[in-house]
Structures are given as C-alpha cells and as structure tokens.
Amino acid sequence: MMDELNARGLVLLGCGKMGGAMLAGWLARGLKPEAVTVLDPHPSDWLKAQAGVRVNTALPQSPAVAIIAVKPQMMGDALPALKALGPATTFVSIAAGTPIAAFEAALGAVPVVRAMPNTPAAVGRGISAVIGNSAVTPEQLDMACALLSAVGEVVRLDHEDQIDAVTGVSGSGPAYVFHMIEALAQAGEAQGLAPDLAMTLARATVCGAGELAHQEDATAEQLRINVTSPNGTTQAGLEVLMPELPDLMRRTVEAATNRAKELRA
Ligand SMILES: NC(=O)C1=CN([C@@H]2O[C@H](COP(=O)(O)OP(=O)(O)OC[C@H]3O[C@@H](n4cnc5c(N)ncnc54)[C@H](O)[C@@H]3O)[C@@H](O)[C@H]2O)C=CC1
Ligand SMILES: O=C(O)[C@@H]1CCC=N1
C-alpha cells in the first residue's frame, strides 16, 4: 500500500489537527514526504518543518488517494481544488457530518470513502470507522482501510448513518478521556496534592489503564473488578462514580452525535 502511495502520491486537503495527526503517523510508517502534496491556506509550523512535503503546489496527475480533512463548514470553498482529479483517485473524507452525497455532488461519480478517525492516529493508536460509496472498488476500499490501519485500528460500517454515533463515541472520545485526566488531577488537588504531582498521577493512571485495556484480553468490567478490593478504597470511590457516569456519558455522546447530524446540513 505504501509503495503505491509513494509511486502515485497522496494529496491532503487541510492539514490541521486531524490531517496533521494522520500525516505524522503515515510519515513515521514509510510514506515518503516527496509523495505528499498538501493544500492548506494556513500551513502549520509543523507542516512547514516537514522537509520534502509539497505545500500548496500543483497536484499530481492521478494520486492514489486524496484525503479531505477540512472542517465541514469549509467544504464548499475547499472541494473545487480537487475537481481536476479523476476516477482513478480514491477520495477519503474524514469530515464529521458531510455526507458522501455532498462529495458526489461536488466531484462527480468518483470513488469516495467516508471515514471517522481520531487523534491517537498520530501515535499509531487511532481507530477509524469507514464506509464507501457505490463507485469504490473493493481494492480501493481495501487501500483506504490499509492506509487508515497504518495509524490504528479500522472497522467497516454497514450504513453511512452509523457514522454520526461513531463520531460521538470514538471521533470525539479522546477529548472525554483527556478531560477525565484534568478532572482526576483537580480531584487530587482537592485532597491536598500539589498540582504537578496530581497531574503526573492522573495522566499516568489514565495512560496506564488504557494500555492495560489495550494489552489484556479481559473485559473492561473484569479489569475494573481487579482493582476493586471488597470494602476497600476503590469500592468507596466507585459507589460515587458509577451511579452518575453512565447517564452523563450517554448524554455526552448523544450531544456529540446530534451535533454530527446538524453538521450534515
Ligand atoms: N480533530 C479531531 O479530533 C477530528 C477531526 N475530524 C474531522 O477532521 C476535519 C478537520 O478537523 P481538525 O483537523 O480538527 O480542524 P483544523 O481546524 O485543525 O484543520 C482544518 C485545516 O483546514 C485548513 N483549511 C481551511 N480552509 C481550507 C481550504 N479551503 N483548503 C484547504 N485547507 C483548508 C485550515 O487551514 C486547517 O489547517 C473536520 O472535518 C473534522 O470533523 C475527524 C475526526 C477527529
Ligand atoms: O469536534 C469535531 O467536530 C471533530 C469531529 C470529531 C472530533 N473532532
């Protein structure tokens, strides 16, 4: 897959937080900088420092893939730049909200893969959900999945409308976890710990628990039970957290999903 991309090229439309995170992951995994053309009116300092990557130059004739990573609100302005690319290019959009039909309306009957990744892609630990349109060949869908799997896990969806809930869970999800670090650190401070120490403990705890969940086969429930001594400290803490968190998380994911639906307009 990287061989084909290195030979034919990859175009990235929009290199902000998510496009940059994925590009960082691909460059670290064998994508040659010279094979990459980025279109972005405001290139970041990180992008400017990527020697060899073409920024705001003419596009290659027929790149293997064009990644669309602009905000849904910018789509109308941004998409015409890709109009010259033909049906041999697979268009992969990572935008929340924007439906496949909008790309077909703007670009014609081209192969489109709609994907929802997340920022841990920057360290090869993302997860992306994907769905293709009727013009995508199995080989093109496989290539898009291989590209995304270079920066994490990939799941294939059956219906495009599932992607709004995916966005609410895994697209936005890293932010919920980072907020958990912030809240856990603040709670440590409230118990008298110095801010730096509380943050060190909270960050390492969330990272360590995440890594344990990643490496172990045990369910999340079992991993929780393993920490919880009967009548011990964890049980006392969970008796406060568990009645509150599921409903709070349900409302959080519902709000994010609903916002993804609104962005369709
Ligand atoms: N940040 C995240 O965690 C995730 C974001 N996404 C999706 O990725 C897309 C980008 O989001 P972010 O990277 O967070 O936003 P961002 O604001 O960091 O990046 C957007 C980039 O697009 C550029 N841009 C603006 N107008 C343009 C144009 N006409 N042509 C080319 N580039 C243009 C901007 O200069 C900016 O660098 C959105 O559609 C979002 O829904 C999807 C999954 C996760
Ligand atoms: O907040 C957003 O709209 C984007 C989509 C998923 C994560 N960030």
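Helices (H or I, at least four residues) and strands (E, at least two) are DSSP runs, numbered from the N terminus. The model is predicted: local features need pLDDT of at least 70, side-chain atom pairs count only at pLDDT 80 or more, and totals for chains, interfaces and linings use all residues. Residues are numbered from 1 along each chain as its sequence is written, chains are lettered from A and ligands numbered from 1 in the order in which they are written, and side-chain values use heavy atoms, with hydrogens and water left out.

**Exercise 1.** Locate Glu153 and list the residues that it touches.

*Solution.*
Step 1. Glu153 belongs to strand S8, residues 152-156.
Step 2. Leaving aside residues up to four places away in sequence, Glu153 touches Gly126, Ile127 and Ser128; contact means heavy atoms within 4.5 Å.
Step 3. Gly124 is 29 residues from Glu153 along the chain, and their C-alpha atoms are separated by 8.6 Å.

**Exercise 2.** Describe the surroundings of ligand 1.

*Solution.*
Step 1. There are 22 residues around ligand 1, and Lys17, Met18, Asp40, Val70 and Ala96 come nearest; a residue counts as near if one of its heavy atoms lies within 4 Å.
Step 2. By class, this shell holds 15 nonpolar, 4 polar and 3 charged residues. Ala, Val, Leu, Ile, Met, Phe, Trp, Tyr, Cys and Pro count as nonpolar, Asp, Glu, Lys and Arg as charged, and the others, Gly among them, as polar.
Step 3. Polar backbone atoms of Met18 and of Val70 each lie 2.7 Å from an oxygen atom of ligand 1. For a backbone N or O atom of Ala96, the distance to an oxygen atom of ligand 1 is 2.9 Å.
Step 4. On its own, ligand 1 has 820 Å² of accessible area, of which the protein covers 81% (Shrake-Rupley method, 1.4 Å probe).

**Exercise 3.** Describe the surroundings of ligand 2.

*Solution.*
Step 1. Ala96, Thr167, Gly171 and Ser172 are the residues around ligand 2.
Step 2. Taken alone, ligand 2 exposes 250 Å², and the protein buries 45% of that.
Step 3. The shell around ligand 2 divides into 1 nonpolar, 3 polar and no charged residues.

Key
Polar contact = N/O pair within 3.5 Å; in protein donor to acceptor, adjacent residues only side chain to side chain.
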